[in-house]
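Work through the exercises below with the sequence and the model at hand. Each task is followed by a solution in steps.

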Amino acid sequence: MSRPGKDEYYVNIAAEVSKRSTCLRRLFGAVIVKNDQIISTGYAGAPRGSVNCCSLGICPREKAGVPRGERYELCRSVHAEMNAIIHASRDQMLDATLYLACLDAKTGEREGGVRPCKLCSRVIINAGIKWVVAEDEDLRIIRYSVADWVQNDRGEWNDKNSHGY
């Protein structure tokens, strides 16, 4: 067994965090790291005190036939990236890296090709995070520069490329 690189190591931790997700569609986990220290973690789930979809046994968006990447206002979950950011101070997040991982809720298998949705991207930008690391469609590590998102105004990404809970 080979020793994983840092990006792979932290994406693997994000995948483990995702197992706490309460979404019935896809399980997301996020880990914020700065100077090789984990600052915060987050997973997708209903706001504190609210009933989770996994407890209800239904997903309101799935019940309404809403495709992935659309109508997030119907979703009960706070996204993993937002939960990780909520639990850290901005000075801790300045120039940090956010690692994002996803598991299929039904199979538990890793899913690649995930990126933060547009709303999470805005929150990541405002938090001062410098990099987002995830896995591409072939589960290879890919690193996104948040500065590029600002420069390109995220215009090159459409909703179908966001992770779509």
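Two strands pair if DSSP finds at least two bridges between them; helices (H or I, at least four residues) and strands (E, at least two) are DSSP runs, numbered from the N terminus. The model is predicted, so local features need pLDDT of at least 70 and side-chain atom pairs count only at pLDDT 80 or more, while totals for chains, interfaces and linings use all residues. Residues are numbered from 1 along each chain as its sequence is written, and side-chain values use heavy atoms, with hydrogens and water left out.

**Exercise 1. The sheet**

Give the order of the strands in the sheet, and state which strands stand at the edges.

Step 1. The open sheet is formed by five strands, ordered β2-β1-β3-β4-β5, and its pairing is mixed.

Step 2. β2 (37-43) and β5 (141-145) each have a single partner strand and stand at the edges, so one side of each lacks a neighbour in the sheet.

Step 3. From one strand to the next, the twist averages 20 degrees. Axes here are lines fitted to C-alpha atoms, for helices over the stretch in contact, with angles running from 0 to 180 degrees between N-to-C directions.

Step 4. Eight antiparallel bridges join β1 (residues 26-34) to β3 (residues 97-104). Within β3, A101 stands opposite G29.

**Exercise 2. Two serines**

Determine where S18 and S77 are found, and list the contacts of each.

Step 1. S18 belongs to helix α1 (residues 6-18). Its relative accessible area is 0%, so S18 is buried (buried means under 20% relative accessible area, exposed over 50%, partly exposed in between, with a 1.4 Å probe and protein chains only).

Step 2. With neighbours within four places in sequence left aside, S18 is in contact with L27, F28, G29, A101 and L103 (contact means heavy atoms within 4.5 Å). Two of these residues, G29 and A101, stand opposite one another, A101 being in β3.

Step 3. S77 is found in the loop between α3 (60-63) and α4 (80-86). S77 is buried because its relative accessible area is 15%. Leaving aside neighbours within four places in sequence, the contacts of S77 are C23, A44, G45 and A46.

**Exercise 3. The aromatic cluster**

Which residues do ring pairs link into a cluster?

Step 1. Rings of Phe, Tyr and Trp (its six-membered ring) pair if their centres lie within 6.5 Å; planes under 30 degrees apart count as stacked, over 60 as edge-to-face and the rest as tilted. The structure holds two aromatic pairs.

Step 2. For Y9 and Y10, the ring centres are 4.9 Å apart and the planes are at 65 degrees, so this pair is edge-to-face. Y9 is partly exposed, at a relative accessible area of 43%, whereas Y10 is buried, at 5%.

Step 3. Y10 also pairs with Y99: this pair is tilted, with 5.2 Å from centre to centre and 40 degrees between the planes. Y10 in helix α1 and Y99 in strand β3 are 89 residues apart, and their pair links distant parts of the chain. Both Y10 and Y99 are buried.

Step 4. The cluster linked by ring pairs is therefore Y9, Y10 and Y99.

**Exercise 4. The hairpin of β4 and β5**

Describe the pairing of β4 with β5 and the place of L139.

Step 1. β4 (residues 131-135) and β5 pair in the antiparallel sense over five bridges. S145 in β5 is the bridge partner of W131.

Step 2. R143 lies over the face of W131, 5.1 Å from the ring centre (a charge sits over a ring if NZ of Lys or CZ of Arg is within 6 Å of the ring centre and within 35 degrees of the ring normal).

Step 3. The hairpin has five residues between the strands. L139 is found in the loop between β4 and β5, and has a positive phi of about 60 degrees although it is not a glycine. L139 is partly exposed, with a relative accessible area of 38%.

**Exercise 5. The faces of α6**

Which residues of helix α6 (residues 118-127) are buried, and what do they pack against?

Step 1. C120, S121, I124 and A127 are buried in α6. Seen down the helix axis, the buried residues of α6 fall within an arc of 125 degrees, so they line one face (the arc is that of the directions from the helix axis to the C-beta atoms).

Step 2. The buried residues of α6 pack against α4, α5 (90-93), β3, β4 and α7 (146-152).

Step 3. Turned away from the buried side, the other face of α6 carries the exposed residues R122 and N126.
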